[in-house]
Amino acid sequence: MSEPDFSMAVGIASDVGAGRCSAAEVTSAALARIAAANPALNAFTAVTAERARARAAALDAALARGEAPGPLAGVPFAVKNLLDIEGLPTLAGAKINRDRPQARRDAVLIRRLEAAGAVLVGAVGMGEYAYDFTGENAHFGACRNPHDPGRMTGGSSSGSAAATAAGLAPVSLGSDTNGSLRVPASLCGVFSLKPTYGRLSRTGSFSFVDSLDHLGPFARSVTDLALAYDALQGPPEGDHACAPRAPEPALPGLDHALGPLRVGLPGGWFARHCGTEGAAAATRVAAALGGLGARCRQVDLDAAEAGRAAAYLITNSESSAFHLERLRARAGEFDPDTRDRFLAGALLPAAWVARAQRVRAWWLARALAVFATVDALIVPATPVSAPLRGETVLPLGGQSLPLRPSLGLLSQPFSCIGLPVVTVPVFRPGEMPIGVQIIAPPWHERRALRIARALERAGHATAHPPVRRDMRVPQAQEPA
């Protein structure tokens with residue numbers, strides 16, 4: 001007998017709420033799937049099996065008493081290990097953090113998903129201190145792409161994207177500073193939402209770059225993404241950067257008609273730094289939107305290069321300051337690549353950082369001026385689909401670029417201006433997935449989600465079926 005399909009959150013919540021299955025059954029299936037597939041994927045760093053079973057039992061008891069089950073009733077979810085989980089040290093992908101005291105309370109966003117009925121099944125891996133685009137962690141090993149274990153997942157939210165792509169957790173939480181939701185969503189073929197900076201509370205998460213950090217969800221459908229996003233919204237709860245905005249639910253209007261939609265297609269930097277796969281995916285999405293009645297046109301975003309440079313400088317300076325004491329005391333325990341980037345940031349002249357902040361404001365003004373003429377921008381999420389694990393060079397436009405930073409060439413220009421972005425997966429038969437960014441003006445997450453949903457309904461954006469339970473990594477694909 002084949003196992004039930006527990007890969008979609010909305011179906012799980014409906015079945016559990018209606019009594020067609022129990023939260024305990026869903027949780028047992030999720031834990032069994034993790035046990036079977038995770039040795040090949042290396043996505044989870046901790047499986048919270050006892051907690052998950054207790055939570056599922058409590059949900060089933062509440063349902064038996066006639067209590068409302070919540071919109072995410074029984075839905076398993078996983079979180080990037082930079083979010084606090086009560087009783088576990090918050091690793092943030094780092095060897096040093098194994099020595100941290102156990103978290104005394106869950107992160108705000110974990111509490112919100114559980115309040116909506118979801119069941120936490122574990123913590124998933126990431127790049128060290130979130131400073132990574134590859135998914136290859138020097139301390140915990142590489143997270144492997146569910147569609148081809150010999151390829152990268154992308155990072156730094158590598159475990160989150162892989163777990164959701166593999167069907168181990170229908171919803172997962174990650175973070176995005178310079179593309180850490182968008183890059184792994186693209187390489188693993190799932191949906192992600194990077195909300196507007198300040199939309200979701202980051203309280204209970206390990207910081208990377210305070211002025212750039214976002215938290216957001218991954219999912220295998222736009223409906224699941226909106227369902228999770230709605231549950232995550234709420235008051236700041238201790239996050240100084242979180243805006244005191246009332247929740248703006250996305251799910252109720254998700255299938256509303258798009259209406260007259262103006263779509264911008266940036267050239268310049270984005271055309272020069274895009275491989276054939278990324279360009280083809282963006283062209284396909286633009287053509288699909290045109291078929292749905294949107295008016296698509298080229299737009300000028302020639303300030304993107306300056307925006308990316310500003311994001312780099314701000315990232316380097318803030319993150320190095322945050323880690324300075326760890327660098328002084330335990331430099332030898334960092335991944336050398338991460339350590340060297342932090343050390344370089346510590347040497348940046350203050351005048352450069354001040355100028356980067358001015359460029360950031362100037363670039364935001366340029367982008368908002370473009371949004372006065374279009375409703376959304378369409379940009380590939382990564383220049384290429386998933387590279388082979390261990391690759392260090394990215395051939396692009398006749399050049400050989402360093403791979404690690406270049407995976408963020410198309411996501412990073414938008415990082416320092418805090419815009420909401422939905423990444424949609426585009427598949428072609430026999431090929432690896434690649435993602436396309438749907439970028440909206442500040443606080444217009446619902447617009448980006450509606451566009452993504454229209455593409456999904458029309459069959460132009462879809463997550464690939466989950467991997468088999470018996471997935472194994474061929475020995476030849478293991479690193480030497």
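This report describes the overall form, the nonpolar interior, the salt bridges and one hairpin of a predicted model.

**The chain as a whole**

The secondary structure of the chain comes to 15 helices and 17 strands. With a radius of gyration of 21 Å, close to the 23 Å that the globule rule gives for 480 residues, the chain is as compact as a globular protein of that length. Taken along the principal axes, the box filled by the C-alpha atoms is roughly 60 × 60 × 50 Å. Buried residues make up 60% of the 480 residues, and the accessible surface of the chain comes to about 17,800 Å², of which 56% belongs to carbon and sulfur atoms. Among the contacts with a separation of 6 or more, 78% are between residues that stand 24 or more positions apart.

**The nonpolar interior**

The largest nonpolar core has 141 residues, and those with the most contacts inside it are Phe414 and Leu449. Helix 7, which covers residues 222-232, gives the most to this core, with 8 residues. Leaving aside residues up to four places away in sequence, Leu449 touches Leu193, Val222, Leu225, Ala226, Tyr229, Ala250, Leu254 and Val422. Apart from this core lies another one, of 7 residues, among them Ala161, Leu181, Ala185 and Cys188.

**Salt bridges**

The count of salt bridges comes to 25, and the table sets out three of these pairs with the distance between nitrogen and oxygen.

| Pair | N to O distance |
|---|---|
| Arg112 and Glu237 | 3.1 Å |
| Asp239 and Arg202 | 3.0 Å |
| Arg453 and Glu456 | 3.0 Å |

The pair of Arg112 and Glu237 links distant parts of the chain, since Arg112 is in helix 4 (residues 108-115) and Glu237 is in the loop between helix 7 and strand 11, 125 residues apart. Arg112 counts as buried because its relative accessibility is 9%, whereas Glu237, with a relative accessible area of 37%, is partly exposed.

Asp239 lies in the loop between helix 7 and strand 11, and Arg202 lies in the loop between strand 9 and strand 10, so this pair ties together parts that are 37 residues apart in sequence. Both Asp239 and Arg202 are buried.

Arg453 and Glu456, by contrast, both lie in helix 15 (residues 445-457), where they are 3 residues apart, about one turn of the helix. Arg453 is buried, with a relative accessible area of 17%, and Glu456 is buried with a relative accessible area of 17%.

Salt bridges also form a network, which links Arg199, Arg245, Glu248, Glu445 and Arg446.

An exposed residue can be set beside these buried ones: Arg358, in helix 13 (residues 350-371), has a relative accessible area of 53%, and it counts as exposed because this value is over 50%. The C-alpha atoms of Arg358 and Glu456 are separated by 38 Å, and the two residues are 98 residues apart along the chain.

**A hairpin of two strands**

Strand 14 (residues 393-396) and strand 15 (residues 399-402) pair in the antiparallel sense over 4 bridges, and in this pairing Leu396 stands opposite Gln399 of strand 15. The hairpin has 2 residues between the strands, and Gly397 takes a positive phi near 60 degrees. Along strand 14 the side chains alternate, in that Leu394 and Leu396 point to one face and are buried, while Val393 and Pro395 point to the other face and are not buried.

Terms used. Residues numbered from 1 in each chain as written. Predicted model: local features only at pLDDT ≥ 70, side-chain atom pairs only at ≥ 80, totals over all residues. Heavy atoms only, no water. Buried < 20%, exposed > 50% of the residue type's maximum accessible area, 1.4 Å probe, protein only. Pairing = 2+ DSSP bridges. Core = buried A, V, L, I, M, F, W, Y, C linked by side-chain atoms within 4.5 Å. Contact = heavy atoms within 4.5 Å. Rg over C-alpha atoms; globule rule 2.2 N^0.38 Å. Areas by Shrake-Rupley, 256 points an atom, 1.4 Å probe, with all protein chains shown as cover. Salt bridge = Lys/Arg side-chain N within 4 Å of Asp/Glu carboxyl O.
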